[in-house]
Structures are given as C-alpha cells and as structure tokens.
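Hello,

I am handing this structure over to you. Please open it first, then read my notes below.

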Amino acid sequence: MKLGMIGLGKMGANMTRRLLRNDHDVVGFDLSEDAVQEIQAAGAGGATSLDALVDHLDPPRVLWMMVPAGDPVDQTIDTLLPLVDDGDILIDGGNSNYKDTLRRADRVQEHGVHYVDVGTSGGVWGLEQGYSMMVGGPDEAVDVLRPALETLAPGPDKGWGHMGTVGSGHFVKMVHNGIEYGMMQAFAEGFDIMQAKPEFDLDLHQVAETWRFGSVIRSWLLDLTARALEDDPDLPDIAPWVNDSGEGRWTVKEAIDLDVPAPVITDALIARLDSRVEDSYTHKLLAAMRNQFGGHAVKSSDE
C-alpha cells in the first residue's frame, strides 16, 4: 500500500518517517516546498500539488490528512473530491471536532469514498515511541489501514484501536484531551502547593523523580513534568499563560449537553482561561467585595 500524507508539519513529518523506517511507501505533500524536500531526503516521494499526489497513488488510494482542524480540512476535501475515485480512503488524523467529522463523512461518502477519523496522541515523542490512535470508520476501510496503524502505534496490538463508526475516533480523542486537562491541572496545583512551603526547602525535581517510580500517580505526564523541572524548578523563562486548542472546550460542552457532571475538566479549562487575564476585573471585584463585607485588606494596583 502506498500512502499519501497531506501536511508535513512536525506530526505529519514524523509519522511519515516512522512509516518509512518500517518499509512503507509514502508520498508527501505540503504547501511548504522545503517540508516536501525534507521528507524526500528521508526517503519519501514528494508531490508539488494535491493533483500530483493523487496521480502518484494507485487506486484504491489512501490519503492521510494531517492539517490544522477547521477550514484547512474542508479546503483540502474540496480539492480532493474531484480527483479521487470510488473506494479511495480519506483520513483525518488531526484534532477535528467530531461533529465536523460526521458532516464531512456524509459529504465524502456521497462520492463513494471512505472517511476515517484517527484521533492521534503522542506529540513530538511519537516518532520514537509510537502514537496512540483512536480510529473511527467503516470496518473495510480500517482493515486496509491496519498495516499502517500497527506501524505507527507503539506495537501492532497496543496503543491503537478501532473505536467504532466514523466520528468515534475524534470523539474519544476529545474526551482524552479533556482528561489530560484535568491531570495536568492536578499536577500543577500539587507542585504549586509544595513550592509555596519554603520551610521544607523541597527540591521539586527530586519529588517528581521520586513519584515517577512505584507511585500510584506515576505517568507519562509526570515524566514530562520531571523533565520540565530539571533545569530550574522556578521556571523563570516561562510566562504563566496557558493555551488551549479546543478539545477541552468541546469536552465540557458535550458533558453539559449529555447532563454529565465534569467539574475537574471544567475547572481545568477555566484555569487556562484565567491564566490569560493579566489585569483581571473579576479578581479586582472579588477583592473589593471581600473588603466591603469583611473589611479585608486590598492591594493597590501599584504594589
């Protein structure tokens, strides 16, 4: 099977390299000519347009999109649909909203093309350690993709699974990322509590390393936390501003729609939003209210 990889950013390029290492035939396309040349240097074929990419592949074609969620996915589909044939497989391996995936699948399937969603986790470590992949789509398409999925995963029988019908892969990945928000927030709060106890002079990197082995909270996130704390636990070069890429918001909204209480994930999302407010009116008003009802001291803005 020759696979076409659309989007050669860090994730797409690393997935291509992992496939190449295991003797898969891959042709890559990206809007950046430099990205295409880099992947060609690694042994992949290169295409200068989506038309050329489709021409490089024999039916039934496998086209794997690793492009940013949103309009770029729709634009890519718009370009591809006139070029592909019945039985071809189109994969969205990005972090799309599962509702968008359901809409796109209906459109793609009207052209006789299979649509598969692959929620992908692993980040920059996936090249060496493999990717966790949550796959949604028809059985016949997933069976065709199995050799590639087994190669990209940490092992043929672990780290990936066929979740169910189309949309289910992105749905499970959405919940995965919501859980990730909560776990990260819990670690951050715990280390903040310890950092605020100067009389013990705790070495936070040592604490993280101690917890990494044998502890009930050992995890990959804790491994990464230990790496972050290794050079300087005070993190002097990092601003207290935390981004979110959307999945946490979608998870919270889905929980509300389903009447499922999800306070930890919700609070973790709110904490990220709160981190971006440099001059928080909310916090000012909270301080003013405390002063009004209890006479509690307030700090002036120039303190």
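Which backbone oxygen does the side chain of T120 reach at 3.0 Å? That of V118. Keep in mind that this is a predicted model.

T120 makes a good place to begin. T120 sits in strand β6. With a relative accessible area of 5%, T120 falls under the 20% cut-off, so T120 counts as buried. A polar atom of the T120 side chain also lies 3.3 Å from the backbone oxygen of G93. Setting aside neighbours within four places in sequence, the contacts of T120 are M11, G93, Y131, S132, M133 and K173.

Now the chain as a whole. DSSP runs give 13 helices and 8 strands. The chain has 303 residues, and 41% of them count as buried. Along the principal axes, the C-alpha atoms fill a box of roughly 75 × 40 × 35 Å. Take the contacts in the chain with a separation of 6 or more: 64% of them come from residues 24 or more positions apart.

Next, the sheet. It is open, has 8 strands and shows mixed pairing. The order is β3-β2-β1-β4-β5-β6-β7-β8. At the edges are β3 (45-47) and β8, each pairing on one side only. On average, neighbouring strands of this sheet are turned by 25° against each other, direction ignored.

Some of the pairings in detail:

- β1 (residues 2-6) and β4 (residues 62-65) run parallel and are joined by 4 bridges. I6 has M65 in β4 as its bridge partner.
- β6 (residues 114-121) and β7 run antiparallel, with 5 bridges between them. S121 is partnered by S132 in β7.
- β7 and β8 (residues 160-164) pair in the parallel sense over 4 bridges. G136 is partnered by G164 in β8. Between these two strands, the chain passes through helix α7 (residues 139-152), and this β-α-β crossover is right-handed.

Is β7 largely enclosed or not? Strand β7 spans residues 132-136, and 4 of its 5 residues are buried, so the rest of the structure largely encloses it.

Two helices lie against the strands. Helix α5 (residues 98-109) lies across β5 (89-92) and β6, and runs at about 150° to β6. Helix α8 packs on the sheet and touches β5, β6, β7 and β8. The direction of α8 makes about 20° with that of β6.

Last, helix α9 (residues 204-211). Which residues of α9 are buried? They are L204, H205, V207 and A208. Seen down the axis of α9, these buried residues fall within an arc of 160°, so they line one face of the helix. They pack against α8 (168-195) and α10 (220-230). At the start of α9, a side-chain oxygen of D203 comes to within 3.1 Å of the backbone nitrogen of H205.

To look through it yourself, start at T120 in β6. Then step across to β7, which β6 meets through 5 bridges. From there, follow the chain through α7 to β8. Finish at α9, whose buried residues pack against α8 and α10.

Best wishes

How values were computed
Residues numbered from 1 in each chain as written. Predicted model: local features only at pLDDT ≥ 70, side-chain atom pairs only at ≥ 80, totals over all residues. Heavy atoms only, no water. Buried < 20%, exposed > 50% of the residue type's maximum accessible area, 1.4 Å probe, protein only. Pairing = 2+ DSSP bridges. Right-handed = clockwise from strand over helix to strand, strands pointing away. Arc of directions from axis to C-beta. Contact = heavy atoms within 4.5 Å. Polar contact = N/O pair within 3.5 Å; in protein donor to acceptor, adjacent residues only side chain to side chain. Axes fitted to C-alpha atoms, helices over the stretch in contact; angles between N-to-C directions.
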